[in-house]
Amino acid sequence: MDPIAWLLGLGSLLMFGIVVVHLLTALVLIIPTWRICMRAGFSGALSLFHLVPLIGPFIVMAVLAFSDWPGGEASPGKR
Amino acid sequence: MGVEILSLLGLSSVFGLIGLVLAGWMAWRIVEKTGLPGWAGLSAILLTLTGVGTIVPLILLWVFAFMRWPRDEMAGVALGTSSPARPASPSALPPPPAAVADRRAWRLSGSLSSGGTVTLTVDGSVPAYLLTGAAAAQANELSVPDPSVGQPHARLLSAAGRLGLEDLGTAGSTFIDGARLLPEHGPRDISAARAIRLGSVELALSRA
């Protein structure tokens, strides 16, 4: 068997595995984040930023942390 | 070569530390907005540094998403849907003068997609009204005859001169002054709101 073809096949399989693991991890994060976004009054689609590698979760958290929630927030005196 | 690898490792550690601090700070703010103590969010993020890795914070994220938030309970208290223990008034002080309650009825008026208009009056004689797109069949039903309005679509609550609104989860959404109201938000006080939207019908809120 051609060693180049074998290496290419192995690399493709590795990449496929990485993508699948990334999608599964993102899905585990997207489901609860979707609900948090909805309860906060944002679109649930905001949680799809989890699909962006590395900085995606930070984008979702930044939006939730630094913007006013349309669905209402706990009053400052109650915090 | 060794120096490059070491500097690369150091760089990734710095980025990791910055990410951790940022995530902890944002988690603190997010958790605070729900009425829970902010340190709980920070602790969940810091758990990633421990041996339990990311599994426990992941479980906590799921719990946080589906648990009942104190913010929602506060909204219920504001509308009188629950009855928390109220502190007794000091007997040494005279009672404050009672304010005259505004007993005027509420009026919701707007235009339908068919070109007609709709005007609803909520006089408070019934504690809860159903807003429905169908014809009103009972005394506690208010009809908004539009195809975008669910059957029923939302619930209007009237208590102590205040007006509340609760979405019932039908396909056409409900909005209060442009902010979407979801069923899990529970009843919200709309006494100070200017307009509500049921499906595509915008209703201006005023006193009759």
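A nonpolar core is a set of buried Ala, Val, Leu, Ile, Met, Phe, Trp, Tyr and Cys residues joined through C-beta atoms within 7 Å. I looked for such sets first, keeping in mind that this is a predicted model.

**Cores**

I found 19 residues in the largest nonpolar core, and L131(B), L156(B), L165(B), I190(B), I196(B) and L198(B) touch the most other members. I then listed the elements that give two or more residues to this core: β1 (106-111), β3 (128-132), β5 (154-159), β6, β10 (195-198) and β11 (201-207) of chain B. Apart from this core lies another, of 16 residues. I noted residues of both chains in that second core, among them F49(A), M61(A), M26(B) and A44(B).

I picked L165(B) for a closer look. Which residues does L165(B) touch, leaving out those up to four places away in sequence? I get A154(B), L156(B), I176(B), L181(B), P187(B), R188(B), I190(B) and I196(B). L156(B), I190(B) and I196(B) are also named with L165(B) among the core members that touch the most others.

**Sheet in chain B**

I traced an open sheet of five strands in chain B, in the order β4-β3-β5-β6-β9, with mixed pairing. β4 (141-143) and β9 (188-189) stand at the edges with a single partner strand each, so one side of each has no neighbour in the sheet. I checked the pairing of β6 (residues 162-167) with β9(B): the two run antiparallel and are joined by two bridges. L165(B) stands opposite R188(B) of β9(B), and R188(B) is also on the contact list of L165(B).

**Chain totals**

I count four helices and 11 strands in chain B, and two helices and zero strands in chain A. Chain B has 208 residues, of which buried residues make up 24%. For chain A the buried share is 23% of 79 residues. Taking contacts at a separation of 6 or more, I find that residues 24 or more positions apart account for 42% in chain B. In chain A, 38% of the contacts between residues at least 6 apart join residues at least 24 apart.

**Contact between the chains**

I find 24 residues from chain B and 21 residues from chain A in the contact. On the side of chain B that touches chain A, α1 (2-33), α3 (55-66), α4 (70-78) and β8 (179-181) each supply at least two residues. The largest share of that side, eight residues, comes from α1(B). By class I get 15 nonpolar, three polar and six charged residues on this side of chain B. The predictor gives the complex an ipTM of 0.85 and a pTM of 0.53.

**Helix α2 of chain B**

Which residues of α2 (residues 38-46) of chain B are buried? They are G41(B), A44(B) and I45(B). Seen down the axis of α2(B), the buried residues fall within an arc of 100°, so they line one face of the helix. A44(B) also appeared above, in the core of 16 residues.

**W34(A)**

I located W34(A) in helix α1 (residues 3-40) of chain A. Is W34(A) buried or partly exposed? I count 19 other C-beta atoms within 10 Å, which makes W34(A) partly exposed; the cut-off for buried is 20 or more. Not counting residues up to four places away in sequence, W34(A) touches G44(A) and S47(A). I also noted A45(A), 11 residues from W34(A) in sequence and 6.9 Å away in space, C-alpha to C-alpha.

**Backbone geometry**

Most residues other than glycine have a negative phi, and most peptide bonds are trans. I recorded these exceptions.

- A cis peptide bond joins Q151(B) and P152(B), with omega about 5°. P152(B) lies in the loop between β4 and β5 of chain B.
- L54(A) has a positive phi, near 70°. L54(A) is in the loop between α1 and α2 (56-66) of chain A and counts as exposed, with 8 C-beta neighbours inside 10 Å.
- D177(B) has a positive phi, near 50°. D177(B) is in the loop between β7 (174-176) and β8 of chain B and is partly exposed, with 13 other C-beta atoms within 10 Å.

**Confidence in chain B**

I read a mean pLDDT of 81 for chain B, with 81% of its residues at 70 or more. Confidence is lowest in α4(B), at a mean of 68, and highest in β10(B), at 90. Over residues 81-89 of chain B pLDDT stays under 50, and the model has six contacts beyond four places in sequence for them.

Definitions and conventions: Residues are numbered from 1 along each chain as its sequence is written. Chains are lettered from A and ligands numbered from 1 in the order in which they are written. This is a predicted model: local features need pLDDT of at least 70, side-chain atom pairs count only at pLDDT 80 or more; totals for chains, interfaces and linings use all residues. Two strands pair if DSSP finds at least two bridges between them. Two residues are in contact if their C-beta atoms, placed from the backbone, lie within 7 Å. Ala, Val, Leu, Ile, Met, Phe, Trp, Tyr, Cys and Pro count as nonpolar, Asp, Glu, Lys and Arg as charged, and the others, Gly among them, as polar. A residue is buried if 20 or more other C-beta atoms lie within 10 Å of its own, exposed if 12 or fewer, and partly exposed in between; C-beta atoms are placed from the backbone. pLDDT is the predictor's confidence in each residue, from 0 to 100. The arc is that of the directions from the helix axis to the C-beta atoms.
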